[in-house]
Amino acid sequence: MTNDNAAPVILIDDDRDLLKATVQTLELAGFSVSAFAVATEALAGLDAGFTGVVVSDIRMPQIDGLQLFNRILRLDADIPVILVTGHGDIAMAVKAIKDGAYDFITKPFAADRLVQSVRRAAEKRCLVMENRALREAAGEAQDGLPLIGQTPAMDRLRRTLRQIADTDVDVLVTGETGSGKEVVASLLHRWSRRAKGNFVALNCGTLPETVIESELFGHEAGAFTGAQKKRIGRIEHASGGTLFLDEIESMPVSTQVQMLRVLEMREVTPLGTNEVRPVDLRVVAAAKVDLGDPRQRGTFREDLYYRLNVVTISIPPLRERRDDVALLFFYFAERAAARFHRQVPAVPASVHRHLSDHDWPGNVRELAHFAERFVLGLEEGAEAQPPAPTESNAAMKLPERLERYEADIIRETLGRNDGDVRRTIEALGIPRKTFYDKLQRHGIVRSDFSR
């Protein structure tokens, strides 16, 4: 009896009695087993989309285990192949390990030895397939559409942007730092009939009060000390397009008064002149605080808030859409790899845990920086963490918990060093003999971590 949700195992052995017994062992351990006495039949059901493990005897008629392994290697080098060997075949099995086989088990073998190896191989294959699926989904996301996400919140956000993009209404975008407010403003511009005009962005929180008016409204030559020549302001430059005002809550009160007139009259008067110039623009403003709350609004004018608040778009923080984190990570990792002219490294389980467990207070910006560091080999923030208390380990004694934690650290360090013994020992700061003793005690197979 097999479990439809279990990891699939393809088992090949021409010894039908041993084949039957091994099937029972693996099925009792929860695996879904497809058994074959001939390798050609097993190959017929194998492709790069296979999500499980292959276990094969070496000595078989027609196609032996090594020939089968080489064919699987050409099909997909990441499919784990476990070879079952007689004593005389150990040299061949060791060579196969060097060529990429996952493990070899000598006959006669204990059932637990096989089950543990298959379980670890299945976990590794699951991680490989998850990484592939995420990379494929991230690759399908156009570089010009970084509002990536499959959660309902992101679906609603994209639909809303599509609905209002061509309406020309002013928009207030709210969201935490790094959540993607400028991305939303840029998409509103790109998806509207104003796309041929300029998208002009100004961060109100980075300019001093003495400069912001000149930046926004422009000036004539000689309008103030240092104004040696005429300057077109951001508002006028955005005419025909979109003006994005980030951190608008930081705009000086005196400038707010002038901005209110621009929104009401759609005209601008540069400094140093009485000339009134009409402007055709859409304003998208962004705030990190809730301007509708008087306590958070502070000195921001209530009438300007209501004038901007024709449509409000709220961007959810990453911690409220955790299912999007891994997809975004792979998107940013692919971009970073292209920029740094590197390959995206294999993503270990420790990084997946970090992606799912971390709250990402810096939101998308923090995640993008983490992806860049990962591609550069700097996995900051992804070190092994103590296992979270669960019903199964809450009752464990302290020595047992420490044992489990030690094993996690060793696995994570091996993964970070691609299974290289010398680098792993140096990172752990323990003698070589102690390292191998711990591998044996924790049942850790170093080759699992080699790339």
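Helices (H or I, at least four residues) and strands (E, at least two) are DSSP runs, numbered from the N terminus. The structure is a predicted model, in which local features need pLDDT of at least 70 and side-chain atom pairs count only at pLDDT 80 or more, while totals for chains, interfaces and linings use all residues. Residues are numbered from 1 along each chain as its sequence is written, and side-chain values use heavy atoms, with hydrogens and water left out.

A good place to begin is an open sheet of five strands, which follow one another in the order β7-β8-β11-β6-β12 with parallel pairing; here two strands pair if DSSP finds at least two bridges between them. Strands β7 (199-203) and β12 (311-314) stand at the edges with a single partner strand each, so one side of each has no neighbour in the sheet. From one strand to the next the twist averages 20°, where axes are lines fitted to C-alpha atoms, for helices over the stretch in contact, and angles run from 0 to 180 degrees between N-to-C directions. Within this sheet, β6 (residues 171-174) pairs with β12 in the parallel sense over four bridges, and Val173 has Ile313 of β12 as its bridge partner.

Two helices can be placed against these strands. Helix α6 (residues 152-164) lies across β6, β11 (282-287) and β12, and runs at about 155° to β12. Seven of the ten residues of helix α7 (residues 181-190) are buried, so this helix is largely enclosed by the rest of the structure; buried means under 20% relative accessible area, exposed over 50%, and partly exposed in between (1.4 Å probe, protein chains only). The buried residues of α7 are Lys181, Val184, Ala185, Ser186, Leu187, Leu188 and His189, and they pack against α6, β6, β7, β8 (242-246), β11 and β12, with contact meaning heavy atoms within 4.5 Å.

Elsewhere, strand β3 (residues 53-57) is mostly covered, since five of its five residues are buried. In a regular strand the side chains alternate between the two faces of the sheet. In β3, Val53, Val55 and Asp57 point one way and Val54 and Ser56 the other way, and all are buried. Strand β1 (residues 8-12) runs parallel to β3 and is joined to β3 by four bridges, with Val9 standing opposite Val53. Four bridges also join β3 to the parallel strand β4 (residues 81-85), where Ile82 stands opposite Val55.

The loops hold some backbone details that are worth finding in the model. A cis peptide bond, with omega about -10°, joins Lys107 and Pro108, and Pro108 is found in the loop between β5 (103-106) and α5 (111-140). Asp168, in the loop between α6 and β6, is a residue other than glycine with a positive phi, near 70°. Glu247, in the loop between β8 and α10 (253-265), is likewise a residue other than glycine with a positive phi, near 50°. Asp168 is partly exposed, with a relative accessible area of 28%, whereas Glu247 is buried, with a relative accessible area of 18%.
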